[in-house]
Amino acid sequence: MKIAIDGSAASGKTTLGRALAEQFHLRFVETGKMYRAVALAFDRGIELSQIDIQVTQGERFLLNGVDVTDVLHTRDLDEKSSKVATRSEVRERLVELQRNIADRGDVVMEGRDIGTVVLPDADIKIYLEASTGERARRRIDQRGEGDLRKIEQELISRDKRDSERAIAPLKPAADATIIKTDQKPLKEVISEASNLVRDRLEDVAWAAENRD
Ligand code: C5P
């Protein structure tokens with residue numbers, strides 16, 4: 001089972017992805033953290049050809065063997081990762097890494113281009129949508145700080161860069177289910193997505209039973 005979750009920054013992808021992974025015993029991979037790790041590496045003067053990123057089963061991100069997971073979610077790397085994500089050579093490297101992970105087993109993968117580019121054959125594709133105000137409030141709750149207007153402006157500029165870039169722009173796959181999460185309790189979003197997964201699992205089981 002491969003599940004692709006896409007959507008703009010702070011749209012709730014990670015919370016949903018982790019919940020589905022736990023419920024259905026799947027591996028969870030946040031691809032945004034890989035772009036953040038590349039931005040961090042560039043900051044430290046490491047060239048792309050010298051960058052090695054490993055993602056452990058326990059969701060730890062190793063940059064050239066060093067665990068950098070806890071330093072990836074800063075506002076500085078919000079901005080820098082969104083800039084490095086426009087570079088084709090960076091995307092090629094990371095898409096290859098992401099597909100290698102997915103080839104090794106069942107996975108819930110979240111990002112911006114999972115349903116469109118990384119896993120176009122995913123069993124389920126979900127695209128989350130939420131207003132800028134709602135997303136900015138969530139980001140402030142997550143980080144415990146921040147000015148609403150400033151965070152909104154940052155989200156708008158990252159969204160613009162993500163959806164206007166030439167390669168793998170942010171957009172829902174044609175066969176994605178769009179879930180709007182504004183004013184929807186998280187429990188409801190998770191339950192909607194879980195139902196999609198259960199339906200799909202039933203279809204797969206039915207097809208296996210009725211083969212030939
Ligand atoms: O999801 P997160 O905010 O951690 O992602 C950091 C940045 O990486 C995003 O702003 C986006 O530009 C980029 N990204 C991407 N494709 C992905 C995941 C993230 O371009 N699959």
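Which residue has a polar side-chain atom 3.0 Å from a nitrogen atom of the ligand? That residue is Thr31. The model is predicted. The ligand takes up the space of the largest pocket, and that pocket has a volume of about 720 Å³. A second largest pocket holds about 230 Å³ of space, and the largest cavity holds about 30 Å³.

**Ligand contacts**

- Thr31 places a polar side-chain atom 3.0 Å from a ligand nitrogen.
- Arg112 has a side-chain N or O atom 2.9 Å from an oxygen atom of the ligand.
- For Asp162, a side-chain N or O atom lies 2.5 Å from an oxygen atom of the ligand.
- On its own the ligand has 450 Å² of accessible area, and the protein covers 97% of that.

**Shell around the ligand**

- The shell counts 14 residues.
- Those that come nearest are Arg36, Arg91, Asp113, Arg158 and Asp162.
- Two or more shell residues come from each of α2 (32-43), α3 (75-84) and α7 (148-164).
- The largest share is that of α2, with three residues.
- By class, seven shell residues are charged, five are polar and two are nonpolar.

**Largest pocket**

- This is the space that the ligand takes.
- The lining is made of 38 residues.
- Nearest the pocket centre are Ala10, Lys13, Thr14, Glu110 and Arg139.
- Helices that each give at least two lining residues are α1 (13-24), α2, α3, α6 (132-143), α7 and α8 (186-209).
- The strand β6 (107-111) also supplies at least two residues of this lining.
- α1 gives the most to the lining, with five residues.
- The shell around the ligand, by contrast, takes its largest share from α2.
- By class, the lining has 16 charged, 13 polar and nine nonpolar residues.

**Second largest pocket**

- Its space comes to about 230 Å³.
- Lining this pocket are 13 residues, and the closest to its centre are Asp52, Ile53, Gln54, Leu97 and Asn100.
- β3 (53-55) and α4 (88-103) each contribute at least two residues to the lining.
- α4 gives the most, with six residues.
- Here the classes run to six nonpolar, five charged and two polar residues.

**Cavity**

- How many cavities of 30 Å³ or more are there? The count comes to one.
- The largest cavity has about 30 Å³ of space.
- Its lining consists of Arg75, Arg143, Glu145, Gly146 and Ile151.
- Three of these lining residues are charged, one is polar and one is nonpolar.

**Recap**

- For the ligand, the side-chain contacts include Thr31 at 3.0 Å, Arg112 at 2.9 Å and Asp162 at 2.5 Å.
- Asp162 is also among the shell residues that come nearest the ligand.
- For the pockets, α1 gives the most to the lining of the largest, and α4 gives the most to that of the second largest.

Terms used: Residues numbered from 1 in each chain as written. Predicted model: local features only at pLDDT ≥ 70, side-chain atom pairs only at ≥ 80, totals over all residues. Heavy atoms only, no water. Near = heavy atom within 4 Å. Polar contact = N/O pair within 3.5 Å; in protein donor to acceptor, adjacent residues only side chain to side chain. Areas by Shrake-Rupley, 256 points an atom, 1.4 Å probe, with all protein chains shown as cover. 1 Å grid on protein atoms, 1.4 Å probe; cavity = no way out; pocket = protein on both sides within 12 Å on 5 of 7 lines; lining within 4 Å. Sits in = over half its atoms within 2 Å of the grid points. Helix = DSSP H or I, 4+ residues; strand = E, 2+ residues; numbered from the N terminus. Nonpolar A, V, L, I, M, F, W, Y, C, P; charged D, E, K, R; others polar. Points joined across faces, edges and corners; volume = space filled by probe spheres on them.
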